[in-house]
Amino acid sequence: MHQRVTSSVAGVCRPARADKRRIAVNFSRAAKTYDYAAVLQDRVAARAMLGLPADWLPDCVLDLGSGTGSQTTLLAEHYPQATVLGMDLAIGMASHARSSYPELNWCSGDIEHLPFKSNALDVVFSSLAIQWCDLSRVLEEVYDVLKPGGVFVFSTLAAGTMHELKQAWSSVDRHVHVNTFDAFSTQKHCVQQSGFQLHSFKLQTETVFYLTAMQLLRDMKALGVNTVPSRQNGLMSRQRIFKFQQAYEMFRTDKGLPLSYEVIYGILRKPQR
């Protein structure tokens, strides 16, 4: 694999708001606790994988944002004849995956600057990773590394994600505690402006329920998703935590306290020459 240099194209979508260095550090720290808390992530990845092409035998498959490697192993099982590679920005995640699944191929890299030759891959899969990036740039990069006829199957997040968490914190202070994501319509327009053929692009609400607000916060920390750029420094006072817990109780249902994710499931194909 060789580092490829591409020209920059003005993106249709807004650039990512999150700091990539903070993302890498947070997810690296969460490598050992991630799988325990990844209930929503596993569910979304399983649904995204339903979009993988089953009528052909790819030679090379890439998992973008492979994390601990649990989904990459499923890709390897789905395509046993293929060379499957997992790539993650967080070195800690890539190292954890390599030690857990030494039989597969792993590397650390930036989704917005893919270190692969043009027309090298048959399938690119990514679940809940590209929301930290500029979507226009991601599409440009993935389009370039895919072979003609290659497929990009992914899930990502849209506006409205974790609205309960955002509203609960808004009753405590004016600080930003929750990341924001582009609207579904904005992201669909971005895809339509790319060179990909759009086979499917759907929005679905996925919800996880918690017994308490503190359990929710512990799982968020275990997942490493505390990546808000303007997050307030310092420890939370007991009074502010208590106020947050009280505010979140307004969302309680028979199933518990909900945390909703607006998930986009996409299937794109690079046209044949």
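A polar contact here is a pair of N or O atoms within 3.5 Å. Keep that cut-off in mind for two of the stops below, and note that the model is predicted.

Start by selecting Asp134 and Ser136. A side-chain oxygen of Asp134 lies 3.1 Å from the backbone nitrogen of Ser136, and Asp134 thereby caps the N-terminal end of helix H6.

Next, select H6 itself, residues 135-145. Eight of its eleven residues are buried, leaving the helix mostly covered. Colour the buried ones: Leu135, Ser136, Arg137, Val138, Leu139, Glu141, Val142 and Val145. What covers them? Show strands E1 (60-64), E4 (121-127), E5 (146-157) and E7 (257-269), together with helix H8 (184-192); these are included in the cover.

Now display the sheet. Seven strands make it up, in the order E3-E2-E1-E4-E5-E7-E6; it is open, with mixed pairing. E3 and E6 (197-210) are the edge strands, each pairing on one side only. From one strand to the next the twist averages 15°.

Zoom in on E6 and E7, which run antiparallel and are joined by 13 bridges. Select Ser200 here: opposite this residue stands Ile267 in E7. Then add helix H3, residues 39-49, which packs on the sheet and touches E4, E5, E6 and E7. The direction of H3 makes about 155° with that of E6.

For the last stop, go to the loop between E3 (105-108) and E4, and select Asp110. Is Asp110 buried or exposed? Asp110 counts as buried because its relative accessibility is 19%, and the cut-off is under 20%. Add Glu112 to the selection: its backbone nitrogen lies 2.9 Å from a polar atom of the Asp110 side chain.

Conventions. Residues numbered from 1 in each chain as written. Predicted model: local features only at pLDDT ≥ 70, side-chain atom pairs only at ≥ 80, totals over all residues. Heavy atoms only, no water. Buried < 20%, exposed > 50% of the residue type's maximum accessible area, 1.4 Å probe, protein only. Helix = DSSP H or I, 4+ residues; strand = E, 2+ residues; numbered from the N terminus. Contact = heavy atoms within 4.5 Å. Polar contact = N/O pair within 3.5 Å; in protein donor to acceptor, adjacent residues only side chain to side chain. Pairing = 2+ DSSP bridges. Axes fitted to C-alpha atoms, helices over the stretch in contact; angles between N-to-C directions.
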